[in-house]
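Work through the exercises below with the sequence and the model open side by side. Try each task before reading its solution.

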Amino acid sequence: MDEEYEVIVLGTGLKECILSGLLSVDGVKVLHMDRNDYYGGESTSLNLNQLWKKFKGEEKAPEHLGASRDYNVDMMPKFMMGNGKLVRVLIHTDVTKYLSFKAVDGSYVFVKGKVQKVPVTPMEALKSPLMGIFEKRRAGKFFSYVQDYDEKDPKTHNGMDLTKLTTKELIAKFGLDDNTIDFIGHAVALHTNDQHLNQPALDTVMRMKLYAESLARFQGSSPYIYPLYGLGELPQAFARLSAVYGGTYMLNKPECKVEFDEEGKVIGVTSEGETAKCKKIVCDPSYLPGKVRKIGTVARAIAIMSHPIPNTNDSHSVQVIIPQKQLARKSDMYVFCCSYSHNVAPKGKFIAFVSTDAETDNPQTELKAGIDLLGAVDEIFFDMYDRYEPVNEPALDNCFISTSYDATTHFETTVADVLNMYTLITGKELDLSVDLSAASAAEE
């Protein structure tokens, strides 16, 4: 261990493992350490007995729920956009060879007290029960504008500069009502609050285009894909990648104390009396608690069920977004469901998550609107965890700290954090202009 590395990565959460893999591919000498004896950190996957122990404090789950080993319950479950940045990172690094993916069955939104399929094309808009006949026409025109919009071709802009026009002003030109604005902003553009309405419309339009491109890529009924056996496979795949490119791994290293010089710059990590020297540290917030601040708490419920979520066309895997306005909340609520079709549960069993930014300290009450959508549950567990973000200046201390996972059930915010950290660490942007059409990232 008494060696010198360019970067030491602490923690094997997904963000840390992606960065470890990317840096190793770049030829950076990486040492990756974790105080735990398993991969995944906060984003690990648990079998049924591990889940039972974590939430009930008992060693064994009841037998009627099936074999423990048949469960892979993700602690931070998120779907990937089929054309999104995480898929591009997977293809860029060739990590896809370690993984198998399957399309997600459904993408839904809760509006006006009902679960409805998210329409994203002019044709879907015309069929959607979300809107009345006149609103359908207006929405169809808006979707056509978005579909045809090309940032580099002014002819497609209809005389509008989306870098100056706000989302609210753009939508006003098409005369859409509040419920339509709600599902477009939250369930298609995947904004987590309503701040986007007063920001330049270009970001929202590009997010909508990403949703539509992801939907078209796998010709499924949702834009999302998800790994077989759950997300626990991802950190390990990036760890394998790092090892192939010379990265060194040490699990089960207690304490992992970060050492600094007199100027406050990182110089290494000490564990079990040995110090590995380094120039930079990458870690999750738990390794440097003095350099982060709490930014909120996530409330969530994890349910085991014997049926799909009602009103989702019997989808075996599905996301339902409940926009904040629909519940008079400050943040959206997310419902995630996966099942034996993605090999995360025994045959006939479904795993559902309901999550949101906590506004009270009572998750049972706060999550009720999402839990009510699930129907009958076999078992349910409640949990809350705090979220942190870095407050240090990486240019001064060479510490690069990830932000805690949010309540969303998609990867867009997670990947944005990883790519931002990569740029801060290396001083360059990751080139993700890969030919997705030539890559087969999903397996039906």
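**Exercise 1: the surroundings of Gln116**

Task: Find which residues Gln116 is in contact with, leaving aside its neighbours within four places in sequence, and decide whether Gln116 is buried or exposed.

Solution: In this predicted model, the residues in contact with Gln116, once neighbours within four places in sequence are set aside, are Ser107, Tyr108, Val109, Pro129 and Leu130. Next, place Gln116 in its element, which is strand S8, residues 114-117. Finally, compare its relative accessible area of 13% with the cut-off for buried residues, under 20%; Gln116 is therefore buried.

**Exercise 2: Pro129**

Task: Locate Pro129 among the helices, and decide whether Pro129 is buried or exposed.

Solution: Begin with the loop between helix H4 (122-127) and helix H5 (133-148), where Pro129 is found. Its relative accessible area is 61%, and exposed means over 50%, so Pro129 counts as exposed. As a last step, take the C-alpha atoms of Pro129 and Ala67, which are 62 residues apart along the chain and separated by 41 Å.

**Exercise 3: the nonpolar cores**

Task: Identify which residues touch the most other members of the largest nonpolar core, and then list the contacts of Met80 beyond four places in sequence.

Solution: The largest nonpolar core has 102 residues, and Met80, Leu162, Leu170 and Leu234 touch the most other members. Helix H8 (residues 201-218) supplies the largest share of this core, with 8 residues. With neighbours within four places in sequence left aside, Met80 is in contact with Leu86, Val87, Leu90, Phe101, Pro223, Tyr224, Ile225, Pro227, Leu231, Leu234 and Phe411. A second, separate core of 21 residues includes Tyr108, Ala299, Ala303 and Val318.

How values were computed. Residues numbered from 1 in each chain as written. Predicted model: local features only at pLDDT ≥ 70, side-chain atom pairs only at ≥ 80, totals over all residues. Heavy atoms only, no water. Core = buried A, V, L, I, M, F, W, Y, C linked by side-chain atoms within 4.5 Å. Buried < 20%, exposed > 50% of the residue type's maximum accessible area, 1.4 Å probe, protein only. Helix = DSSP H or I, 4+ residues; strand = E, 2+ residues; numbered from the N terminus. Contact = heavy atoms within 4.5 Å.
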